[in-house]
Amino acid sequence: MARRDDWRERLTEADVAELDAALATSRRSGKATRELSREDFPLPTLTHKIDRWRGEVATGRGFQVLSGVPVTRWSQHDAETFFWCFGLHFGTPGAQNPQGDLLGHVIDTGESPELVRHYRTRVNINFHCDAADVVGLLCLQKAKRGGQSRIVSSVSVYNELVRRRPNAVDRLYQPFMMDTKGEGGVQYLPVRPCRYDGDHLRTFYHTDYFRSAVGFRGQPLLSLEDRIILDLYNEIAGSSDLYLDMDLQPGDIQLLSNHTILHARTDYEDFPEPERKRHLLRLWISLPARTPLATRLRTHRSRLGVAATAAGFKLGHAIRRATGG
Ligand SMILES: [Fe+2]
């Protein structure tokens, strides 16, 4: 895949002109970004390309990179409006945290990685999935050093694991406890890394948060056998013949299926000026074919029957939805 470039597509001049025209239309609507609909951001031609990219992400290679979004010419507000509306055309953007943020900012907030989810820090993030069908990133600014994206097919990792240790894969169909970093008032949630959706393997994996989940008495929740499996899984995912590195540039969009692609990010160093900090916008997108959120929410609420804050439920629901648990 590293020798191919058909996973990257550059927007044409006509595409960019259509985006500028759509931004002008959205401004005339007078609506706040969150209130905009697809009709407020018309993409008569690009919609056909978006259909193709969605198909590639959902049922093709599992990822797509676009380049040439004119973020250096636009204001940050225009970039936010564009990406939000791109998400509306691609699928249904969903909440990324208990605060209900629909358009996330991936930026180092200076908080401790021990206490918050790692996208708010500049530490290395090991292979994982996000709790949505698709995660989309729009790069606004790069780091001074590092912050590279690494992706790998979870299907390829699984196949190699079966080849090396066929008896080990059964454990991946049983829940691991995943650290929530306390979001939503719960400390950890059970997550099954692997499941089948018809004939298709679906994976939800999180290297760091499976390992950092501890019980209420501070005890690790992993057995020695669990740690051996996670180590092997990571070793395979980290094979240079399986992963693909990409260095996102300002104006690049990366779209990944969380069901079939794991992603990681190297640690980074920011420029000293606050206005030059590494900054990406992030969308968590549900795709149309999946069960509407409200239906599944009711189902899970009645099944759980435990005290959980609404916010905690939202995060738990998002994870269970992504894992089919
Ligand atoms: Fe992520």
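Student: How many of the five residues of strand S14 (residues 253-257) are buried?

Tutor: We are looking at a predicted model, in which local features need pLDDT of at least 70, side-chain atom pairs count only at pLDDT 80 or more, and totals for chains, interfaces and linings use all residues. Residues are numbered from 1 along each chain as its sequence is written. A residue is buried if 20 or more other C-beta atoms, placed from the backbone, lie within 10 Å of its own, exposed if 12 or fewer, and partly exposed in between. S14 is largely enclosed by the rest of the structure, because its count of buried residues is five of the five.

Student: Which residues of S14 are buried on the side opposite Ile 253, Leu 255 and Ser 257?

Tutor: Strands are DSSP runs of E with at least two residues, and helices are runs of H or I with at least four, both numbered from the N terminus. In S14 both faces are covered, with Ile 253, Leu 255 and Ser 257 buried on one side. Buried on the other side are Gln 254 and Leu 256.

Student: Which residue of S14 is the bridge partner of Gln 64?

Tutor: Strand S2 (residues 63-67) runs antiparallel to S14 and is joined to it by four bridges; DSSP must find at least two for strands to pair. Strand S6 (residues 134-141) is also antiparallel to S14, with five bridges, and its Val 134 stands opposite Ser 257. For Gln 64, the partner in S14 is Leu 255.

Student: In what order do the four strands of the open sheet come?

Tutor: Start at the edges: S5 (125-128) and S13 (244-246) each pair on one side only. S13 runs antiparallel to S8, joined by three bridges, and Asp 245 in S13 is the bridge partner of Arg 150. With antiparallel pairing, the order is S5-S15-S8-S13.

Student: Over what arc do the buried residues of helix H4 spread around the axis?

Tutor: The buried residues of H4 (residues 154-164) are Ser 154, Val 157, Tyr 158 and Leu 161. They lie on the same side of H4, because the arc they cover (taken from the directions from the helix axis to the C-beta atoms) is only 100°.

Student: At what angle do the axes of H1 and H3 cross?

Tutor: The axes of H1 (residues 13-29) and H3 (residues 76-90) come within 10 Å. H1 is roughly perpendicular to H3, a label for angles of 65 to 115 degrees. The crossing angle is roughly 100°.

Technical notes. Axes fitted to C-alpha atoms, helices over the stretch in contact; angles between N-to-C directions. Parallel < 35°, antiparallel > 145°, perpendicular 65-115°, else oblique.
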